[in-house]
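Reader: Please show the sequence and the structure, so that some points about them may be discussed in turn.

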Amino acid sequence: MLDLLKQYFGYDQFRPLQEDIISNVRAGHDSLVIMPTGGGKSLCYQLPALRFEGITLVVSPLIALMKDQVDGLKAIGIKAEFINSSQSYGETTRIRGEALRGELKILYVSPERLALEGFQNFLKQLKVSQVAVDEAHCISEWGHDFRPDYRGLGALRRSMPEVPFIALTATATHRVRDDIVTQLGLNSPKRFVASFNRENLAYEIRTKQNAFGQIVELLEVRRGQSAIIYCFSRKETEEIAVDLRQLGFAAKPYHAGMDSEARRRTQEGFITGEFTIVVATIAFGMGIDKPDVRLVVHYSLPKSLEAYYQETGRAGRDGLPSDCVLLYSYGDKSKQEFFINKIDDQIERKKSQDQLNNVIEFSQLTTCRRRYLLEYFGDDTVSQGEKQNNCGGCDVCTAPREQFDATVITQKILSAVIRTGERYGIAHVNAVLLGSRSKKVLDSEHDSLSVYGIVKDYDRNELREIAGMLESEGLIVKNEGEYPTFKVTEKGRRLLRDRESLTLSKPKRVERSRQTRVIAAMTDSPELFERLRRLRLEIARELDVPAYVIFGDASLRDMAAKVPQNLAQFALVSGVGSVKLEQYGERFLAEIADYSQHHPTATDGDRPTVRRTPNTHRSGSTYAETRDFLSQGMSVGQVAHRRGLTLGTIVSHVEMMVGNGMTVELASSLPKSDRMAKIESAIGEAGGIQAKLAEVMKVLDEEIPYEDVRIVRAHLTQSTNGVS
Ligand code: ADP
Ligand code: ZN
């Protein structure tokens with residue numbers, strides 16, 4: 001089996017439980033497999049299928065998934081097909097023929113199809129050696145995703161009593177597990193329950209403040225990587241996607257209000273790597289089997305911890321380090337409660353409220369979040385000993401936060417909110433506290449208040465962060481609106497009145513420690529990795545398959561670390577089996593050779609570019625690098641070429657720097673004077689440098705590249721920065 005694992009899948013070892021499960025299946029016994037997403041369930045029936053004489057039938061509820069799975073299997077030389085309603089009659093006939101002639105090893109079918117009488121007759125003529133039921137929880141009404149068609153599988157089981165069945169799922173409470181066994185009629189199945197600990201996922205809760213900026217910050221250090229951002233409303237998904245695109249991020253919205261064709265296109269575009277960021281409502285996810293999602297952001301609170309676990313579970317299916325960040329604000333809790341209160345059924349309402357309370361508790365933890373999640377899901381595979389340890393992958397463990405006595409500063413902030421009439425946003429309140437002489441402060445005569453200028457030991461950013469924590473603590477609330485204002489809650493007033501003391505966590509800086517973790521995990525050359533990724537996308541487009549069907553990120557990383565020089569070395573890369581070696585080996589080797597030629601050190605050491613890694617990955621320095629090149633007189637296009645990044649990325653570096661008040665050299669990057677004049681006047685007409693780019697583009701009647709407009713706008717912005 002180990003040989004087959006290497007030959008076909010290109011892996012050297014089994015993951016936990018895989019080997020035991022495979023032995024059980026091969027011995028002809030039934031199995032119930034409970035493993036988290038990304039645990040490697042598919043292999044448990046795909047590998048034995050190769051050794052069985054007859055065919056393996058796989059029941060799977062999602063048409064989109066079937067196609068991806070079959071593409072993946074074909075790419076490694078395994079004869080597999082699927083039959084579902086998306087195919088023409090001719091196609092189904094061809095596939096049936098192949099199955100009957102014994103040419104197929106694995107056949108995927110939808111449960112609806114299985115139920116048809118015609119299909120039943122066809123089945124009787126096949127030699128079936130194994131039946132795998134994927135997403136087996138769909139058979140149970142107790143599960144969250146009941147599908148009546150799955151009930152028919154009980155009959156299938158009875159019709160072939162000798163054939164081993166393997167039921168697989170990622171989500172199952174004890175009740176659902178038992179129900180699967182009963183409904184499916186499994187014959188004293190052996191149960192395999194893997195740990196639900198997703199070791200490669202890091203969990204982090206951040207106080208939500210300037211949420212869009214927080215998202216940009218998260219995405220900026222992960223340029224080109226895949227991310228999902230979960231939002232509360234459809235409107236939010238669209239707005240955020242538009243704003244991200246303006247900053248040069250390849251983002252698209254996804255929600256249940258879009259028609260099914262648009263949704264399908266978005267899913268496909270995301271999976272194939274055409275764009276990298278999906279901003280979605282929770283409608284997105286079912287059927288998304290993308291292994292290389294590096295970041296899942298919850299822009300608003302998930303409905304329950306089950307939902308949170310499932311949504312964050314879409315990150316890092318390939319086992320590489322990935323991040324799950326939840327932006328938490330007390331205001332979002334009220335938003336959810338508003339909807340919960342509208343639920344008529346009293347029991348349902350209570351259930352939803354309890355679930356939300358669990359999420360709040362989880363968000364406010366001062367102990368390990370991973371442990372909390374695992375205990376919540378009744379995962380008893382984490383031993384006592386391990387429990388004591390630092391999990392190394394949650395914000396509480398990696399950045400233990402110092403507590404500080406926040407009584408005085410809290411009193412100051414709350415008083416200032418009240419004294420200014422509870423009619424302002426936090427920026428103004430802070431300006432008053434810090435004694436600003438801005439026009440707004442002077443006009444409102446807030447410089448005469450007793451709270452004016454009483455804060456000396458905190459700066460603006462720290463105040464903002466503390467205010468965010470006060471909001472999380474429920475001491476102040478934000479009134480959403482065009483200009484959000486803050487009010488002090490009853491709890492806040494009580495704190496003031498009773499002079500209660502308050503301890504808060506010191507403002508945390510988790511991102512830094514996280515980045516060190518990522519850097520430590522990466523011993524490859526990021527530049528080579530980028531090139532390999534581009535080659536992969538190119539091949540994927542030629543073959544019209546998702547990029548990961550060619551190679552997963554894990555394989556590319558391994559390639560970039562091992563820098564193989566010949567086919568023999570290439571075969572040692574994780575995920576390279578015999579078929580892929582033959583099909584893609586030469587092309588990837590050529591790319592690597594070309595890279596090595598320009599980077600001579602790459603061949604004489606084993607870890608050639610560790611040295612460079614910190615440089616290119618520390619946030620901020622990538623800007624500095626762009627800025628340096630520009631100041632040498634290069635244009636943005638030349639910098640993009642030189643750095644192997646896209647033009648859009650370099651332009652967004654420029655925008656970020658200019659937006660932060662820095663000056664960058666743009667002389668070589670500006671368009672010719674006539675075009676420049678056109679763009680300038682269009683910007684003026686659209687309302688000046690603050691205008692949305694989309695508006696400017698509308699005013700321009702001819703085809704002018706987006707990047708030109710962005711550069712001119714950045715140029716105008718920094719000229720005005722200079723004079724003010
Ligand atoms: P699941 O169905 O449990 O969500 P998959 O079967 O899709 O998980 O596997 C997740 C990823 O792990 C896939 O990219 C798969 O190729 C990879 N994988 C599975 N088994 C192994 C293994 N033994 N070694 C390395 N990678 C593996
Ligand atoms: Zn932890």
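Reader: Which residue offers a polar backbone atom at 2.6 Å from an oxygen atom of ligand 1?

Author: This is a predicted model, in which local features need pLDDT of at least 70, side-chain atom pairs count only at pLDDT 80 or more, and totals for chains, interfaces and linings use all residues. Residues are numbered from 1 along each chain as its sequence is written, chains are lettered from A and ligands numbered from 1 in the order in which they are written, and side-chain values use heavy atoms, without hydrogens and water. A polar contact is a pair of N or O atoms within 3.5 Å. The residue with its polar backbone atom 2.6 Å from that oxygen is Gly-38.

Reader: How far is a polar side-chain atom of Tyr-11 from an oxygen atom of ligand 1?

Author: Ligand 1 also has a nitrogen atom 2.8 Å from a polar backbone atom of Gln-13. For the side chain of Tyr-11, the distance to a ligand oxygen is 2.7 Å.

Reader: What share of the exposed area of ligand 1 does the protein bury?

Author: Accessible areas come from the Shrake-Rupley method with a 1.4 Å probe. Taken alone, ligand 1 exposes 570 Å², and the share buried by the protein is 81%.

Reader: Why is the pair of Tyr-203 and Tyr-308 tilted?

Author: Rings of Phe, Tyr and Trp (its six-membered ring) pair if their centres lie within 6.5 Å; planes under 30 degrees apart count as stacked, over 60 as edge-to-face and the rest as tilted. The structure holds twelve such aromatic pairs. The ring centres of Tyr-203 and Tyr-308 are 6.2 Å apart, and the pair is tilted because the angle between the planes is 45 degrees.

Reader: What is the mean pLDDT of the protein chain?

Author: pLDDT is the predictor's confidence in each residue, from 0 to 100. Over residues 508-522 it is below 50, whereas 91% of the residues in the chain reach 70 or more, and the mean is 85.

Note on methods. Contact = heavy atoms within 4.5 Å. Polar contact = N/O pair within 3.5 Å; in protein donor to acceptor, adjacent residues only side chain to side chain.
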